[in-house]
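Thanks for coming, everyone. Please have the sequence and the structure open while I talk. I'll take the ligand site, then the strands, then one helix residue.

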Amino acid sequence: MDIILLGPPGAGKGTQAQRLVAEHAMRQLSTGDMLRAAVKGATPVGLEAKAVMERGELVSDEIVSALIDAELTAMGPDTGAIFDGYPRTAAQAASLDEILARHGRKLDHVIELEVNEDALVERITGRFTCARCGAGYHDVFNRPKVDGVCDVCGSTEFKRRPDDNAETVRTRMAEYRAKTAPILPLYEARGIVSRVDGMGAIEEVTAAIDGILG
Ligand code: AMP
């Protein structure tokens, strides 16, 4: 099964993708994570993407679609894909159709996480992850059980994304509204869009998504 998680920055796409991966035989394909890895490794893609990401703008369609294509090739046909943060433009949606067809795959669901935009800035500016295993946390909504220690792997090192600041978040929201939200009707016309209330507790949102996946 292949699904897209769609929603503005801070809607909980990454959190939910990580939980779905743990429950189902699926893989999270986050172009944001791939790009951050490229920036960290100072690869040619990373060098090109770094400043764009810091401004909260979108990296070129060609770069992100090539990343997705390569991941699907490496994954093989038996593992389901959770597209997290891709596609983000009409051109990427068209590329995804072409890429999936070439890999003999098809999209089963597009799940839109509906959220109140006012809550997003607080969600985003408070979030941090374990530097070792990537588990996600939040200063207010999802603290580690023991302060300063990762619940999952016990690491005491955490990190915050450089683009998770109030100013960049506003650009990221504007990009979402202008370029990403308009791709929804394309999938609606195919009858594969479901909407989930993304404002509920993390477990409630996962349960709602599980209900859609069946
Ligand atoms: P994310 O982790 O999904 O919030 O992505 C972080 C940043 O990476 C975005 O603000 C963009 O600069 C870039 N990015 C991630 N995915 C894409 C994509 N599909 N298309 C263009 N830029 C992307």
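Start with the shell around the ligand, sorted by class. It has 6 nonpolar residues, 6 charged residues and 4 polar ones. Keep in mind that this is a predicted model.

Which residues come nearest to the ligand? There are 16 residues around the ligand, and the nearest are Thr 31, Arg 36, Glu 57, Gly 85 and Gln 92. Helix 2, residues 31-40, gives the largest share of the shell, with 4 residues.

Now the polar contacts. Look at Gln 92 again. An N or O atom in the Gln 92 side chain sits 2.9 Å from a nitrogen atom of the ligand. Gly 85 works through its backbone: a polar backbone atom there is 2.9 Å from a ligand nitrogen. Val 59 also offers a polar backbone atom, 3.0 Å from a nitrogen of the ligand. How much of the ligand does the protein cover? On its own, the ligand has 480 Å² of accessible area, and the protein covers 96% of that.

Next, strand 4. Find residues 107-114. Why call this strand largely enclosed by the rest of the structure? Because 6 of its 8 residues are buried. Then look at its partners. Strand 1, residues 2-6, pairs with strand 4 in the parallel sense, over 5 bridges. One pair to find there is Leu 5, whose bridge partner in strand 4 is Ile 111. Strand 8, residues 193-197, also runs parallel to strand 4, and 5 bridges join the two. For that pairing, find Glu 114, whose bridge partner in strand 8 is Asp 197.

A general reminder while you rotate the model. In a regular strand, side chains alternate between the two faces of the sheet.

Now move to another sheet. This one is open, has 3 strands, and pairs antiparallel. What is the strand order? It goes 6-5-7. The edges are strand 6, at 136-138, and strand 7, at 158-159, and each pairs on one side only.

Take strand 5 with strand 6. They pair antiparallel over 3 bridges. Phe 128 has Tyr 137 as its bridge partner in strand 6. The hairpin of these two strands has 5 residues between them. Gly 134 in that hairpin takes a positive phi, near 85°.

Now strand 5 with strand 7. Strand 5 covers residues 127-130, and 2 bridges join it to strand 7, running antiparallel. Thr 129 stands opposite Lys 159. Cys 130 stands opposite Phe 158.

Last stop, Asp 69. You'll find Asp 69 in helix 4, residues 61-75. Is Asp 69 buried or exposed? Its relative accessibility is 18%, and the cut-off for buried is under 20%. So Asp 69 counts as buried. What is Asp 69 in contact with, leaving aside neighbours within four places in sequence? Its contacts are Ile 99, Arg 102 and His 103.

To recap two items. The protein covers 96% of the ligand's accessible area. Strand 4 is joined to strand 8 by 5 bridges, and strand 4 pairs with strand 1 over 5 bridges. That's my tour. Over to you.

Conventions:
Residues are numbered from 1 along each chain as its sequence is written. This is a predicted model: local features need pLDDT of at least 70, side-chain atom pairs count only at pLDDT 80 or more; totals for chains, interfaces and linings use all residues. Side-chain values use heavy atoms; hydrogens and water are left out. A residue is near a molecule or strand if one of its heavy atoms lies within 4 Å of it. A polar contact is a pair of N or O atoms within 3.5 Å; within protein, one must be able to donate a hydrogen and the other to accept it, and residues adjacent in sequence count only if both atoms are side-chain atoms. Accessible areas come from the Shrake-Rupley method with a 1.4 Å probe; for residues, only the protein chains shown count as cover. Ala, Val, Leu, Ile, Met, Phe, Trp, Tyr, Cys and Pro count as nonpolar, Asp, Glu, Lys and Arg as charged, and the others, Gly among them, as polar. Two strands pair if DSSP finds at least two bridges between them. Buried means under 20% relative accessible area, exposed over 50%, partly exposed in between (1.4 Å probe, protein chains only). Contact means heavy atoms within 4.5 Å.
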